[in-house]
Each structure stands twice: as structure tokens, then as C-alpha cells.
Amino acid sequence: MTMQAGHGDDNELHGHHGLPYLAHHFETPVQQFDAAKLGMWLFLGQELLFFSGLFVAYLVFRLWYPDAWSVCSHELDWKMGTVNTLVLLFSSLTAVLAVRSAQLGKKAEVSLYLLLTIACAFGFLIIKYFEYAHKFEAGLLPGSYFAPVAGHTISSVFPPGSAAYFSIYFMATGVHGLHVIIGIGVIFWIWLRNQKGEFSAEFFTPVDLVALYWHLVDLIWIYLFPFLYLID
Amino acid sequence: MSSAHDSHAHDSHANDGLVHVHVHPASTYIKIFVALVFLTLVTVGLSRVHLGNWNFFIAVVVATIKASLVAAFFMHLKDDNKFNVLIFVGSLIFMGVFFVYTMNDTQHRGQWDESYGTKVYAPTGEAAPGRGQYEAIKLEGGHGHGGEHGADHGAPSEAHH
């Protein structure tokens with residue numbers, strides 16, 4: 001398909017050399033684009049497998065300690081979780097709109113949508129901070145640090161396995177939050193490059209790739225939210 | 001994305017080596033976003049209805065519908081190179097292997113029962129696998145680690161003492 005596009009078509013090829021965004025080891029812009037997307041998808045596939053360890057641990061312990069999972073889930077604030085879910089979904093919308101604007105070569109719009117995405121990411125982290133602060137105050141901490149403080153928790157009895165719930169809660173949301181922080185950094189970097197005018201309707205790959213990363217962060221949260229916050 | 005154009009053999013752009021993508025109208029993405037918000041509210045609403053084990057099942061199904069919308073539209077997999085879809089789906093299949101093999105172990109372990117001197121399934125009290133050398137270690141050495149899931153930590157070689 002696209003790989004063959006460059007071969008046997010020398011006239012076309014000469015036109016591509018000298019394109020500022022085309023690396024010398026690629027024949028054509030479309031080959032470069034496909035290679036970049038392939039690399040990004042391999043990275044995202046790795047991310048899924050990386051997170052799958054946490055999801056497997058979650059399921060093993062949930063099936064072993066269903067009572068603990070139910071009690072501990074009610075200690076989380078489902079309203080904050082819902083708001084955070086909506087914030088992340090909205091940030092995915094702004095991220096994909098940034099890509100769309102980039103495809104159309106609308107530089108100012110790309111910058112605006114990227115900044116909106118970053119703002120949502122900060123909003124997510126701020127809400128998460130308030131949630132974490134409450135958990136620390138209530139002693140709802142992972143593993144051996146689990147020491148619920150009377151009066152700060154909803155339940156007065158924590159079944160065996162509760163410490164494991166909060167280990168998984170902090171590990172999963174913590175690793176996810178780390179991805180959000182890294183996301184802020186890379187989206188800001190892409191915003192800077194966009195401001196410098198590096199992208200156009202012909203070359204918008206980095207905007208596309210950073211949005212793919214951001215959607216994956218959203219994708220993970222789509223599962224974490226009901227798994228952690230909404231247990232009956 | 002380029003593969004979407006490969007299907008148009010007569011497309012004049014098809015062989016110029018430049019990147020051509022189908023730009024979706026913004027309204028498409030806004031509709032997907034509205035659907036995602038709706039499904040989020042559905043998840044929250046259904047979690048407050050007591051359906052026993054079905055709650056978890058429904059949560060997984062709704063989350064998967066949401067994830068599919070994000071992957072297909074926001075991540076452009078719908079009109080992307082099919083090889084990228086293969087990588088994504090391939091990762092999911094290996095995740096499935098990870099889940100199934102692990103559950104096949106952890107869901108079929110017994111717990112050490114002191115009074116019967118054997119392993120039992122906690123929910124039913126039936127005898128569970130994990131007999132043999134493990135009991136021997138426990139009796140001889142006397143270091144009965146009766147840890148809930150850790151009764152079988154002893155290395156088999158210890159049985160030859």
C-alpha cells in the first residue's frame with residue numbers, strides 16, 4: 001500500500017526532498033506518517049499490557065475479598081469520581097479537536113484546544129488531590145499503612161482485604177495520575193512546537209500522536225472509575 | 001488513515017506520497033462526546049441499583065462500549081491503517097490470556113484448614129487441591145504458615161529432609 005508509493009515514481013519523489021519535516025530516511029511523507037503511527041500504537045499496546053497487571057491484581061483481590069471491595073468502594077466520593085470522568089472525557093474531545101484543527105492547518109485553534117486539554121488535566125489532578133487528602137486524613141492508606149481513623153470514614157468496620165483495596169486504589173490511580181502529569185508535559189511541548197509554526201495541514205503527526213496518548217489515559221480511566229468508585 | 005484512501009484506487013492523491021486524511025466534521029466528535037457522557041451517567045445510575053453480580057458485568061460492558069467509541073472515533077482506528085487495529089486488538093487478546101490464566105489459578109486455590117489438616121475451598125468447605133508434600137512440610141517442620149493464600153510457600157525440596 002503506502003510503502004510502495006515512492007517506488008518507480010521518481011518524478012514525485014524529487015518533489016519531496018527538501019520538505020523540512022521529512023526525515024532523510026523516509027521516502028515520502030505518508031511513509032513517515034504511517035511509521036510514526038505504527039510506533040505510537042506499539043507503545044500504546046505496551047501501555048495496555050503495563051496497566052493490565054494492575055487490573056489483574058484488582059480482579060484477583062476483588063474476587064477474594066468481595067466484602068472489603070464493597071465497603072471500601074463506598075469510602076470513595078463517587079461524585080468527585082463522576083466529575084473527574086466528565087473532565088477527562090471533555091479533555092479527550094478537545095484533544096481530538098486539536099488534531100482536527102491541525103489536519104486543517106488552523107494553528108491558532110490547535111493551540112487553543114491543546115491548552116484546554118492541559119487545563120482539564122490540571123482540573124483532574126486538583127480534584128484527585130482533594131480525594132487523596134481525604135484518604136490520608138482518614139488513614140485509608142495502602143498495605144501496612146492502612147489505619148482507618150474513627151469519625152473520618154463512612155464505614156465503622158473494615159473487612160479483611162481492605163488494606164489490599166487501598167493498595168490497589170493508590171497504585172492504579174497513582175500510576176494513572178503519573179500518566180496525566182506526563183501528558184501535561186508532552187502536550188505543553190507540542191503546544192510550544194505549534195506556536196513555533198512547525199505544523200501544517202501536510203505535517204501534523206506530533207499533534208496526532210500526543211492526542212493518541214491522551215486518549216489512552218482517558219481509556220484507562222473509563223475502566224478505573226466504575227471498578228473503584230461504583231461497587232454495589 | 002492512508003488505508004482509507006487506498007480503497008479509492010482512482011483517487012488522484014493516492015500515489016503522490018503526501019499524507020491525506022479524511023477530516024471529520026467537529027459535530028461527529030461532539031456527538032461521540034455526548035454519547036460518552038450519557039454512558040457515564042448510565043454507569044453511575046445503574047451502580048445504584050442492586051443487581052448483585054450483574055452490577056460488575058454491566059459496568060464492564062458499558063465501560064467497553066465507551067472505550068470502543070474512544071478507540072474508533074477519537075483515536076481514529078475506524079479509518080486508520082488496519083495494522084494499527086491489529087496491534088490494539090492483539091494487546092487486548094494478550095490481556096485476556098493474562099486474566100484467564102491468572103484467574104484459573106487464583107480462583108481454584110483452597111485455604112489451609114487447621115482442624116481438618118487439609119486444604120478446603122473457603123466458600124463451600126469442600127476439599128481443595130494442594131495436598132501431599134505441603135502437609136508433610138507443615139507437620140514435620142511445624143512452621144505452619146497458615147497464611148490465607150500462602151500455605152504453599154514451602155519449597156517442595158524441603159519434603160526430602
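**Exercise 1. Find which residues touch the most other members of the largest nonpolar core, and which elements build this core.**

Solution. Of the 73 residues in the largest nonpolar core, those that touch the most other members are Val96(A), Ala98(A), Leu114(A), Tyr165(A), Val207(A), Ala211(A) and Leu228(A). The next step is to ask which elements give two or more residues to this core: in chain A they are α2 (29-64), α3 (66-73), α4 (78-103), α5 (107-138), α6 (162-195) and α7 (205-229), and they are joined by α2 and α3 of chain B. The greatest share comes from α7(A), which gives 17 residues to this core. As a last step, take Val207(A) and leave aside its neighbours within four places in sequence; the residues in contact with Val207(A) are then Ala98(A), Val99(A), Ala102(A), Val110(A), Ile190(A), Asn194(A) and Phe199(A).

**Exercise 2. This is a predicted model; state how confidence is spread over chain A and chain B.**

Solution. Begin with the scores of the model, which are ipTM 0.89 and pTM 0.82. Chain A has a mean pLDDT of 91, with 93% of its residues at 70 or more, although over residues 1-13 of chain A the pLDDT is below 50, and this stretch has 21 contacts in the model beyond near neighbours in sequence. For chain B the mean pLDDT is 76, and 68% of its residues reach 70 or more. Going through the elements of chain B, one finds the highest confidence in α2(B), at a mean of 96, and the lowest in α5(B), at 38. Two stretches of chain B stay under 50 in pLDDT: residues 1-10, for which the model has 21 contacts beyond four places in sequence, and residues 131-161, for which the model has 25 such contacts. Where pLDDT is low, the predicted coordinates should not be read in detail.

**Exercise 3. Describe the order of helices and strands in chain B, and say how its residues are buried and connected.**

Solution. Chain B contains 5 helices and 2 strands, and reading along its sequence gives the pattern α-α-α-α-β-β-α. Of the 161 residues of chain B, 19% count as buried. To see how the chain is connected, consider the contacts in chain B between residues at least 6 apart in sequence: 30% of these join residues at least 24 apart.

**Exercise 4. Determine how α2(B) and α3(B) pack against each other.**

Solution. The axes of α2(B) and α3(B) are 10 Å apart, and the helices pack at an angle of about 170 degrees. Because angles over 145 degrees count as roughly antiparallel, α2(B) is roughly antiparallel to α3(B). Among the residues that make the contact are Ile32(B), Leu36(B) and Leu39(B) of α2(B), and Ile58(B), Val62(B) and Phe73(B) of α3(B). Sorted by class, the contact of α2(B) with α3(B) has 14 nonpolar, 4 polar and 1 charged residues.

**Exercise 5. Work out which parts of chain B touch chain A, and what classes of residue they offer.**

Solution. The contact takes 46 residues from chain A and 45 residues from chain B. On the side of chain B that touches chain A, the elements giving two or more residues are α1 (2-6), α2 (26-47), α3 (54-74) and α4 (82-106) of chain B, and α4(B) gives the most, with 14 residues. The residues on this side of chain B divide into 25 nonpolar, 17 polar and 3 charged.

**Exercise 6. Classify Ala108(A), Ala128(B) and His76(B) as buried, partly exposed or exposed.**

Solution. Ala108(A) lies in helix α5 of chain A, and Ala108(A) counts as exposed because it has 10 C-beta neighbours inside 10 Å. Ala128(B) is found in the loop between β2 (118-120) and α5 (133-141) of chain B; with 18 C-beta neighbours inside 10 Å, Ala128(B) counts as partly exposed. Not counting residues up to four places away in sequence, Ala128(B) touches Arg109(B), Gly110(B), Lys119(B), Val120(B) and Tyr121(B). His76(B) lies in the loop between α3 and α4 of chain B, and because His76(B) has 23 C-beta neighbours inside 10 Å, it counts as buried. The phi angle of His76(B) is near 60 degrees, a positive value in a residue other than glycine.

Terms used
Residues numbered from 1 in each chain as written. Chains lettered and ligands numbered in written order. Predicted model: local features only at pLDDT ≥ 70, side-chain atom pairs only at ≥ 80, totals over all residues. Contact = placed C-beta atoms within 7 Å. Helix = DSSP H or I, 4+ residues; strand = E, 2+ residues; numbered from the N terminus. Nonpolar A, V, L, I, M, F, W, Y, C, P; charged D, E, K, R; others polar. Buried ≥ 20, exposed ≤ 12 C-beta atoms within 10 Å, placed from the backbone. Axes fitted to C-alpha atoms, helices over the stretch in contact; angles between N-to-C directions. Parallel < 35°, antiparallel > 145°, perpendicular 65-115°, else oblique. Core = buried A, V, L, I, M, F, W, Y, C linked by C-beta atoms within 7 Å. pLDDT = per-residue confidence, 0-100.
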